[in-house]
Amino acid sequence: MPVEIVTVPCRRDNYAYLVRDTASGTVALVDAPEAAPIERALSERGWSLDQIWITHHHDDHTAAVPALRAGARVIGNTEDRARLPELDTELAEGDSFAFGGTTVGIADVSGHTIGHIAFLIDGDGAEPGAAFTADSLMALGCGRVFEGTMPMMWASLSKLAALPDETRIYSGHNYGAANGRFALSVEPESAALQARVAAIAEADKAGRPIVPASLAEEKATNPFLRAGDPAVKAAMGMTSADPAEVFAELRARKDSF
């Protein structure tokens, strides 16, 4: 892939990301939960920040923008600009922008919030692409539907599921253990899911990030991407239901799990 990506754990369970274009040395930050760990990660590598990419308006993704923005261009969704830190570049669904020698695409993945976007980097043939999905598609889960509707969230997840299977998914939080417990309540006999839950537990114990995961791995183990799978439909007692309806029931059950 034409970029180097560094995962920066922040707060109690947030992930921010430093993204460096290897051709130009340009550095971006994906979301800004907390300044200190991000500043430390930059300093350790001798990097300076050129861009800040904001996925959505929640404070745990934007709070550190004022402390970090000096010299950096802040990029976010024009349709949510009233709730975001002041934007230097406003973009929307289907737009793209230059990041050094790399092109970054924008996908609207509303549901968790209205105006939530994902930042997409295509693979270069030798390395897979990357999708910075924040609180839309998450490791073994998806974000709570706070502002959108269930059909909207399902449409957003379906959009992400259509990316190449090798795409690496970089989500905004480590909710892996809790998401794993819920996923096992849906598909307790899934060997792939059992193995992934064990791998997440091992990473947590070692203090390693649980991201990224490939989209293929999410599609094999994440119940929210599997709402159209006959096995999940049967487990939910919804064999004849539309996948969007199955997703809505999954999300409702997770909300009270």
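**Exercise 1. Backbone oddities**

Where does Leu140 lie? Take this predicted model and work out what the backbone is doing at Leu140, Ala134 and Pro212.

*Solution.*

Step 1. Find the spot: Leu140 lies in the loop between strand S11 (137-138) and strand S12 (141-142).

Step 2. Check the torsion. Leu140 has a positive phi of about 65°, though it is not a glycine. For background, most residues other than glycine have a negative phi.

Step 3. Check the burial. Leu140 has 0% relative accessibility, so it counts as buried.

Step 4. Now do the same for Ala134. This residue sits in strand S10 and has a positive phi of about 50°, again without being a glycine. Its relative accessibility is 3%, so Ala134 is buried.

Step 5. Finish with the peptide bond. Val211 and Pro212 are joined by a cis peptide bond, with omega about 0°. Pro212 belongs to the loop between helix H6 (191-206) and S14. As a reminder, most peptide bonds are trans.

**Exercise 2. Reading the sheet**

Lay out the six-stranded sheet, then zoom in on S9 and the strands it is joined to.

*Solution.*

Step 1. Write down the order. The sheet is open and runs S7-S8-S9-S10-S13-S14, with mixed pairing.

Step 2. Look at the edges. Strand S7 (96-99) and strand S14 (213-214) each have a single partner strand, so one side of each has no neighbour in the sheet.

Step 3. Pair S9 with S8. Strand S8 (residues 102-108) and strand S9 (residues 117-121) run antiparallel and are joined by five bridges. Val104 has Ile121 as its bridge partner in S9, and Gly105 stands opposite Leu120.

Step 4. Pair S9 with S10. Here three bridges do the joining, and S9 and strand S10 (residues 130-134) also run antiparallel. Phe119 stands opposite Phe132 in S10.

Step 5. Ask about cover. How many of the five residues of S9 are buried? Five of five. On one side sit Ile117, Phe119 and Ile121, on the other Ala118 and Leu120, and both faces are covered.

**Exercise 3. Aromatic company**

Classify the ring pair Trp53 and Phe132, and say which cluster these rings belong to.

*Solution.*

Step 1. Start with the count: the structure holds 13 aromatic pairs.

Step 2. Get the geometry. The ring centres of Trp53 and Phe132 are 6.2 Å apart and the planes meet at 75°, so this pair is edge-to-face. The cut-off for that label is an angle over 60 degrees.

Step 3. Place the partners along the chain. Trp53 is in strand S4 (residues 51-53) and Phe132 is in strand S10, 79 residues apart, so the pair links distant parts of the chain.

Step 4. Check burial for both. Trp53 is buried at 0% relative accessible area, and Phe132 is buried too, at 1%.

Step 5. Widen the view. One aromatic cluster is formed by Tyr15, Tyr17, Trp53, Phe97, Phe99, Phe119, Phe132 and Tyr170. Phe119 and Phe132 are also the residues that stand opposite each other across S9 and S10.

Step 6. Add a charge over a ring. Arg45 lies over the face of Trp47, at 5.9 Å from the ring centre.

**Exercise 4. Helix H9 and what it meets**

How do the axes of helix H4 and helix H9 cross, and what is Arg253 in contact with?

*Solution.*

Step 1. Take the axes. Those of helix H4 (residues 150-161) and helix H9 (residues 243-255) come within 9 Å and cross at roughly 105°.

Step 2. Name the arrangement. That angle makes H4 roughly perpendicular to H9.

Step 3. List who meets whom. From H4 come Met150, Met153, Trp154 and Leu157. From H9 come Pro243, Ala244, Phe247, Ala248, Arg251 and Ala252.

Step 4. Move to Arg253, which is also found in helix H9. Its relative accessible area is 36%, so Arg253 is partly exposed.

Step 5. Find the contacts of Arg253. Leaving aside neighbours within four places in sequence, Arg253 is in contact with Phe182 and Met236.

Step 6. Compare sequence and space for one of these. Arg253 and Phe182 are 71 residues apart in sequence, yet 8.8 Å apart from C-alpha to C-alpha.

Notes
Residues are numbered from 1 along each chain as its sequence is written. This is a predicted model: local features need pLDDT of at least 70, side-chain atom pairs count only at pLDDT 80 or more; totals for chains, interfaces and linings use all residues. Side-chain values use heavy atoms; hydrogens and water are left out. Two strands pair if DSSP finds at least two bridges between them. Helices (H or I, at least four residues) and strands (E, at least two) are DSSP runs, numbered from the N terminus. Buried means under 20% relative accessible area, exposed over 50%, partly exposed in between (1.4 Å probe, protein chains only). Rings of Phe, Tyr and Trp (its six-membered ring) pair if their centres lie within 6.5 Å; planes under 30 degrees apart count as stacked, over 60 as edge-to-face and the rest as tilted. A charge sits over a ring if NZ of Lys or CZ of Arg is within 6 Å of the ring centre and within 35 degrees of the ring normal. Axes are lines fitted to C-alpha atoms, for helices over the stretch in contact, and angles run from 0 to 180 degrees between N-to-C directions. Angles under 35 degrees count as roughly parallel, over 145 as roughly antiparallel, 65 to 115 as roughly perpendicular and the rest as oblique. Contact means heavy atoms within 4.5 Å.
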